[in-house]
Each structure stands twice: as C-alpha cells, then as structure tokens.
Amino acid sequence: MNPDLLLVGLIIIGMLGKSPIISTAASLLLMLKFIHLERYFLALERRGMEFGLLFLTIAVLVPFASGRIQSKDIAQVFLTLPGILALLGGALATYMNGKGLDLLKVDPQLIVGMVLGSIFGILFLRGIPVGPLMAAGITAFLLKLFKWWLN
C-alpha cells in the first residue's frame, strides 16, 4: 500500500472519528514527506516516544513546580486509600511497562498490532495514546494469561 495514501486515510479516519491527535500526527508525517525530510523519520521513530514521554512527564510535574501541590498533599498519598492505590497503580504500571519492553525486544513485530490497536482505541474508545510500552505490557500480560489458560 502507498504510504502517502495510508497517511491520508489516517487523516480522514481521524477527522471522522473526531481524533485530532491521529489527524495531526498523520498530517505532520505527510508534510515531512512532501518537503523531503524523510531522513528525520528514523530519529522520530527512535526518539519520538522519549520526547512525548518527556513532555507528558513535564505536564504531570507542573503542579509540583507551580506550588499547587503542597507537602500536606503528598502526605495524603500515604494516608488515604485512594493515595495508596495510586502508589500501587503507578508501581504496577511501570512494572508492566518493563515487561512490555522485554516483549518488544523478543517479538518486535508485535508493534504493528499495538499501533493498529492504539488507533482503534483512539478512534472508537476515545482513548489517549500514552505509550506503546503500556500497550506492550498489557499484551505481555494477556499472552501470559492466554498461555496459562491453555495449560
């Protein structure tokens, strides 16, 4: 399939599905192709996730930097059930991300399914593409669950 047509298709799907993230990402890639800057694709592929996670982390840390989160708020994390569950959730998410990274090292072709699944989730489930590592971590968990169920 022609990559340009695929990107145009993703732009249209993003607009129909009311997903500006998909439309914008596909549009930016198409513009890079049209102005002959494809040489940056490899750098975007390698470092794009890191930059995206960097900006996501910055956005999450802004309340700390701006002073909106005080030390009493931090103490609440250790003293309330929702706070403790948030700590556990964060720890579990990072653990699963690590398992996802291990899975992608062993079986890198799975990224195709995760990308398509992410597009599906963005368009039809109103999800947010936070990171392929989480998708890989969930995939690793589902694979283990499936293997356990078959035995």
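Asp-73 comes out as partly exposed, at 30% relative accessibility (buried is under 20% relative accessible area, exposed over 50%, partly exposed in between, with a 1.4 Å probe and protein chains only). Its salt-bridge partner is Lys-72, with the closest N and O atoms 3.9 Å apart (a salt bridge being a side-chain nitrogen of Lys or Arg within 4 Å of a carboxyl oxygen of Asp or Glu). Lys-72 itself is exposed, at 59%. This is a predicted model, so local features need pLDDT of at least 70 and side-chain atom pairs count only at pLDDT 80 or more, while totals for chains, interfaces and linings use all residues. Residues are numbered from 1 along each chain as its sequence is written, and side-chain values use heavy atoms, with hydrogens and water left out.

Searching the whole structure turns up 2 salt bridges. Besides the Asp-73 pair, there is one between Lys-33 and Asp-4, where the closest N and O atoms sit 3.1 Å apart. That pair ties together distant parts of the chain, with Lys-33 in helix 2 (residues 20-34) and Asp-4 in helix 1 (residues 3-16), 29 residues apart. Lys-33 counts as buried at 18% relative accessibility, whereas Asp-4 is partly exposed at 23%.

On the surface, Met-49, Leu-53, Leu-56, Val-60, Leu-61, Phe-64, Ile-74, Phe-78, Leu-79 and Leu-87 make up a nonpolar patch of about 930 Å². Patches here are built from residues with over 30% relative accessible area and no salt bridge, joining like charges within 9 Å and nonpolar side chains (Val, Leu, Ile, Met, Phe, Trp, Tyr) within 5 Å. Areas follow the Shrake-Rupley method with a 1.4 Å probe; for residues, only the protein chains shown count as cover. Helix 3 (41-66) and helix 4 (71-79) each bring at least two residues to the patch, and helix 3 gives the most, with 6. Leu-79, found in helix 4, is exposed at 66%.

As for the overall fold, the chain has 7 helices and 0 strands (DSSP runs numbered from the N terminus: H or I of at least four residues for helices, E of at least two for strands). Its radius of gyration is 19 Å, against near 15 Å for a compact globule of 151 residues (taken over C-alpha atoms, with the globule rule being 2.2 Å times the number of residues to the power 0.38). The C-alpha atoms fill a box of roughly 55 × 50 × 30 Å along the principal axes. Buried residues account for 17% of the 151. The exposed area is about 11500 Å², 75% of it supplied by carbon and sulfur atoms.
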